[in-house]
Amino acid sequence: MKRPTGVTIIAVLTFFGAAVLSLSSIAFFFVAVMGMTGGDAADPVSMAIAGMGVAGGFSLLFLAGVAAFLAIGVLELQEWARIVSITSIAAAIGCTILSLVAFRGYVVIPVVPSIICHLLVTAMAVWMLSYLLRLPVRQAFSAVTA
């Protein structure tokens, strides 16, 4: 069966998310190296920051691998990938709404751009979720699995 265009778009967006996670892990590793090699590297706070940088870097690298694996599954129209995508997109919508409400007092990020970005992410996630729940898309995934 031919892969629907929307499924390809969702897979590309998931690959993009994996790339962002990979680049973020590099930033975490960079902060860890800076904490380990600075003039105050023996300071307990510097060691804690370095440890958090290493842990965060490996966590993001792991999540990037999971996202890439999921994107490949979506491209191959695997039913498990559709189910995991639906679950993770629903969780992402919840986290986005929670972050919109929880971080209002964070003064570094201006309010209007923050709200616009949150709304764009939520709208994209709602579109992806509704697309993966459509009957023809479900049939495309189940036809390949059967």
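## Terms first

A residue counts as buried under 20% relative accessible area and as exposed over 50%, with partly exposed in between. On that scale C117, at a relative accessible area of 46%, is partly exposed. Keep in mind that this is a predicted model.

## Overall build

What is the chain made of, in terms of helices and strands? There are five helices and zero strands, so reading from the N terminus you get α-α-α-α-α.

As for dimensions, the C-alpha trace spans about 60 × 35 × 20 Å along its principal axes. The radius of gyration is 19 Å, whereas a compact globule of 146 residues would come in near 15 Å. Take the contacts between residues at least 6 apart in sequence: 73% of them join residues at least 24 apart.

## Surface and charge

Of the 146 residues, 30% count as buried. The chain exposes about 9,000 Å², and carbon and sulfur atoms supply 80% of that area.

Charges come to 6 positive and 4 negative. Average the positions of each set, and the two mean positions end up 26 Å apart.

## The cysteines

How many disulfides does a search of the whole structure find? Zero. A disulfide is a covalent bond between the sulfur atoms of two cysteines, and here the sulfurs just don't get together. For C95, the closest cysteine sulfur is the one in C117, and at 17 Å it is too far for a bond. Seen from the other side, C117 has C95 as its closest cysteine sulfur, again at 17 Å and too far for a bond. The cut-off for calling a pair is 2.5 Å between sulfur atoms, so 17 Å rules this one out.

## Two residues up close

Start with A55, which sits in helix α2, residues 44-75. Is A55 buried or partly exposed? Its relative accessibility is 43%, so A55 counts as partly exposed. Go 13 residues along the chain between A55 and A68, and the C-alpha atoms are separated by 20 Å.

S85 belongs to helix α3, residues 79-102. With a relative accessible area of just 3%, S85 is buried, because that value falls under the 20% limit. Which residues does S85 touch, leaving aside those up to four places away in sequence? They are L70, V74 and L132. S85 and G73 are twelve residues apart in sequence, with 9.7 Å between their C-alpha atoms.

Note on methods
Residues numbered from 1 in each chain as written. Predicted model: local features only at pLDDT ≥ 70, side-chain atom pairs only at ≥ 80, totals over all residues. Heavy atoms only, no water. Helix = DSSP H or I, 4+ residues; strand = E, 2+ residues; numbered from the N terminus. Rg over C-alpha atoms; globule rule 2.2 N^0.38 Å. Buried < 20%, exposed > 50% of the residue type's maximum accessible area, 1.4 Å probe, protein only. Contact = heavy atoms within 4.5 Å. Areas by Shrake-Rupley, 256 points an atom, 1.4 Å probe, with all protein chains shown as cover. Lys, Arg positive; Asp, Glu negative; His and termini not counted. Charge placed at Lys NZ, Arg CZ, Asp CG, Glu CD.
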